[in-house]
Amino acid sequence: ATLLVSLILSLGTVAVTKAQAIQSITLSASYLNDKAILEIIIYAPGYEEDYINLRVKYAETGQDLELQALNQSGSDIGTAAADVFIAYKYASGYYVAYLFGENATITPEFPKAHNSTTIPETKSNYAKMPEDAEFGEDYVVYVPGTDVEATFTYDYVLFSLSLERDPAEYPPEGYAKLTIVDQDFNLDPTAVDDCNGTQLNVTEIVVQRTSTGERFSRAFPLASAPTLNNFIDENATETKVNSATFVFILNFTKMAEYFNSTEVFGSSFGEFEDGDIVTITLYDPDYEDEVSFEFTVKSVSPTITLPTLSFSDEITVQVEWFDANKHSWEEDTIDYGDFTVVLLDASNLSKVYDIEKIGLEETDDNTAVFTNDTLELTWVAEEDDADENNGKLEVPLSLAKEGTEFVIKVNCSDAERYFDLTLHAPTLSTDKSEYTMDDTVKVTLVDPDLNDDASVVESYNITVSNHKELNSNAYATAWNT
């Protein structure tokens, strides 16, 4: 038993060799360009040394590159050589290094920290690609004495463009998310990068106007080409660290104004119309090639609906309107006052009894369905101010008693619709057909229109045939009856 314990203790002190410990090398990207930085992570569980030597070689020939070691400020610290590059230990089992493109002018904003004290002064975990490194070639990062390696391409990549809607249909005054995926703009793998609209030239704009058959087209020489800034309100920030994804918000109103300028089509273009097919070509300044994106302008009149009208419920106007769905990624609103709800005389539509302005909110992101805030349908004793905007559409009770019929109009500048306000005929009944002098007369009044507030028990006065008021009121037997 003593011998077995001694053997176990002895084995526990055996150091893990580098070749045994190093399991993988992970790169922050598969491409590196001359202005960017590549983060290199080595996973070596059980390895306890402060640093690991790294090298970079041509994938095709296996020849090592002579890298330039840099200090933490990005300045040269010695003569270029193949063995100056190392990875610092920053956590148990993890080592990090940063490889710079030959023209990189930045350093990692948030590099992984280390506290090593045994690192040679002539070595660094910051190193720069040599000037004679060939673009378009594959290179291999490896640890000498092991078979662990990772490959990257030293080159630019062509960006990709996409819009968030499918199909890519947008209202004339809407907004679109233009997503650009471009590793060349992802300069720092430790922080979010910025992409400026001025970095992207517009080399061609084409609008096919299907409503008239017209075609507007303008190509721009690269030296004098406009930029994406003409279509956006602000620049884009990388969606997250090392995503290489940038989202610009296209402003179609701003875009149409620019199309109307003398730089593009002139005033003959006018504004976006339903059916316009727009193609915009952008130039990738690094890859030196063009990529286009296309969208269609769609414009329709709003569809207005109104549920069964009830005095006990609020009036809910529902508007389905593609043009008002300006942002697919958030709930849009229709401004207060753009829609009005009007109480009219059914036999004389020019006679207005009440007008209420309303605002509407989209029911959810990208539904294009909008509903209004609170608007009550309620009684008022006599005809009153027709434009109070007090959140209540007030029906004159005196006119209803006289037999006046009403309609409700919901309208905006683009559409209007009329809805009948159907009033119910009240019914009265008594609990008996004959009464003695000592009896109590129980009268039942049924009229849904008098149920003005579903949350309370309401009361109304009634009279007997001799026109004298009873000593008690009529009242609802329960809420919302």
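Five strands make up an open sheet in this predicted model, and their order is β13-β21-β20-β16-β17, with mixed pairing. At the edges sit β13 (169-170) and β17 (214-219), each of which pairs on one side only.

Inside that order, β20 and β21 are partners: residues 276-284 and 289-297 pair in the antiparallel sense. If you want a spot to click on, Leu282 stands opposite Val291 in β21.

Another antiparallel pair is β14 with β19. Here Lys177 stands opposite Ile249 in β19. The two pairs are listed here:

| Strand | Partner | Sense | Bridges |
|---|---|---|---|
| β14 (residues 175-181) | β19 (residues 245-251) | antiparallel | 7 bridges |
| β20 (residues 276-284) | β21 (residues 289-297) | antiparallel | 8 bridges |

How much of β19 is buried? Strand β19 is mostly covered, with 5 of its 7 residues buried.

Now for helix α3, which spans residues 252-259 and holds Lys254. Is Lys254 buried or exposed? Neither label fits: its relative accessible area is 29%, so Lys254 counts as partly exposed, a class that lies between the 20% limit for buried and the 50% limit for exposed.

What does Lys254 touch, once its neighbours within four places in sequence are set aside? Lys254 is in contact with a run of residues, namely Asn229, Asn230, Phe231, Ile232 and Asp233. Val148 is another story: the C-alpha atoms of Lys254 and Val148 are separated by 53 Å, and the two residues are 106 residues apart along the chain.

Note on methods: Residues are numbered from 1 along each chain as its sequence is written. This is a predicted model: local features need pLDDT of at least 70, side-chain atom pairs count only at pLDDT 80 or more; totals for chains, interfaces and linings use all residues. Side-chain values use heavy atoms; hydrogens and water are left out. Helices (H or I, at least four residues) and strands (E, at least two) are DSSP runs, numbered from the N terminus. Buried means under 20% relative accessible area, exposed over 50%, partly exposed in between (1.4 Å probe, protein chains only). Contact means heavy atoms within 4.5 Å. Two strands pair if DSSP finds at least two bridges between them.
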